[in-house]
Amino acid sequence: MIDLDDIDRQILRALSRDATQSAGALGRALGLSQPATWRRIRRLETAGVIRGRRLRLNAEALGFGVTVFLGVKLARKGQVSLDDFERAVTAIPEVQTVEHVLGLYDFRLRVVARDLSDFERVLRRRIMALPGAGDLEANVLLSEERRPGPI
Amino acid sequence: MGVDKYKVLVQFPDYSFVIWAMSEKIMLDDLDRRLLRVLQGDPTLSGADLADRAGTSLSKCTRRLDRMRASGVIEGVEAVIDWAALGYAVEVSLRITLDKTQPRAFDDFIAAAREVPEVLEIQTFLGRVDLRLSVIARDMAQYQQLYRDRILTLPHIADIEALMHIARVKSDETLPI
């Protein structure tokens, strides 16, 4: 496992806020040369600590006014293949994330829709048609806050 | 009369510009959407590559991106941290119901949850649960300690359910633009 020092942590923190900063600009802010900063970023990337970059869009400005978290329980466990379910649910464009969980539900989905009636369409035509989908629980997202985490 | 005519001529284009600028905030055309789709797939693309893949010129591409940034459609690009690669092997979703007889239940709870470094996400809901925390820990022993010392001590909790994270099947969070 990779060991991080204070400068690595500062770089991670800065990049998770804004990944468009150049190594030069970031280095200047941290009192580091451009090549030294670049080498550290490369190291974080090759160690897999930085998994990738994500474009942050304003979903509402793009017309997606509703985000719903769905807990899905598979019906007839054992008879349905997890692979089939995962393949089918991943292919739904409105489903943003799929997590396999242990507990009350088997899967946790993040679903975006234009409004509630659009969500109903996604739910009825797409989610409920999934192979093996059983019990569902929907919670409409009101607010969301991402924290920097323990770095 | 001549002066009035002049006024009208000047005011009219001004006024229409305001309407155009306001509606532009939400009106995206096919090219805008194409750029966002390509950029969602790979936010590290250079302007030239992005323009190429979206089938437009670099100058047009730059202008469109600037406009979408200015209007707030594009909020930014962030690095995604893989906590497992940093040794955080345990990820738990805590679904929390609050004691709503306390008028400040949400504010107090959220303020206290922000103080716990291992909390990655705080979401509030309309539904069966009020809140959800995404919490990470190095192993089950550390999670148990965290749960006892920092989570159960958060204010106004009526009920907690835990979902243990096994795998991330899809995580790109792209919008179906």
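These are my notebook entries on a predicted model with chains A and B.

**Confidence**

I started with the scores. The predictor gives the complex an ipTM of 0.90 and a pTM of 0.85. For chain B, I noted an average pLDDT of 87, with 85% of the residues at 70 or more. Then I went element by element through chain B: strand β4 (residues 131–137) has the highest mean pLDDT, 98, and helix α1 (residues 2–24) the lowest, 42. Residues 1–25 of chain B have a pLDDT below 50, and beyond near neighbours in sequence I find one contact for this stretch in the model. Where pLDDT is low, the predicted coordinates should not be read in detail. I left that stretch alone after this.

**Where A meets B**

Next I looked up the interface. It brings 55 residues of chain A into contact with 52 residues of chain B. On the chain A side, the elements giving two or more residues are α1 (6–17), β1 (50–57), α4 (82–90), β3 (95–102), β4 (107–113) and β5 (133–146). Which element gives the most? That is β5(A), with ten residues. I also sorted the chain A side by residue class and got 27 nonpolar, 13 polar and 15 charged.

I then checked strand pairing across the chains. β3(A) pairs with β5 of chain B (residues 157–170) in the antiparallel sense, over five bridges. Within β5(B), A167(B) is the residue that stands opposite H100(A).

**The core**

I turned to the largest nonpolar core, which has 72 residues. The members that touch the most others are L109(A) and V111(A) from chain A, and L131(B), L133(B) and V135(B) from chain B. I picked L131(B) to follow up. Leaving aside neighbours within four places in sequence, L131(B) is in contact with I96(B), L98(B), F109(B), I122(B), Q123(B), T124(B) and F125(B).

**Domains of chain A, and I7(A)**

The domain assignment splits chain A into domain 1 (7–46) and domain 2 (66–140). I noted 38 Å between the C-alpha centres of these two domains of chain A.

Last, I looked at I7(A), which is found in helix α1 of chain A. Is I7(A) buried, partly exposed or exposed? I7(A) counts as partly exposed, because 15 C-beta neighbours lie inside 10 Å, and buried would take 20 or more. Past four places in sequence, the contacts of I7(A) are L30(A), L32(A) and R40(A). I also took one distance: from I7(A) to G52(A) is 20 Å, C-alpha to C-alpha, with their places 45 residues apart in sequence.

How values were computed: Residues numbered from 1 in each chain as written. Chains lettered and ligands numbered in written order. Predicted model: local features only at pLDDT ≥ 70, side-chain atom pairs only at ≥ 80, totals over all residues. Contact = placed C-beta atoms within 7 Å. Helix = DSSP H or I, 4+ residues; strand = E, 2+ residues; numbered from the N terminus. Nonpolar A, V, L, I, M, F, W, Y, C, P; charged D, E, K, R; others polar. Pairing = 2+ DSSP bridges. Domains from an automatic or database assignment. Core = buried A, V, L, I, M, F, W, Y, C linked by C-beta atoms within 7 Å. Buried ≥ 20, exposed ≤ 12 C-beta atoms within 10 Å, placed from the backbone. pLDDT = per-residue confidence, 0-100.
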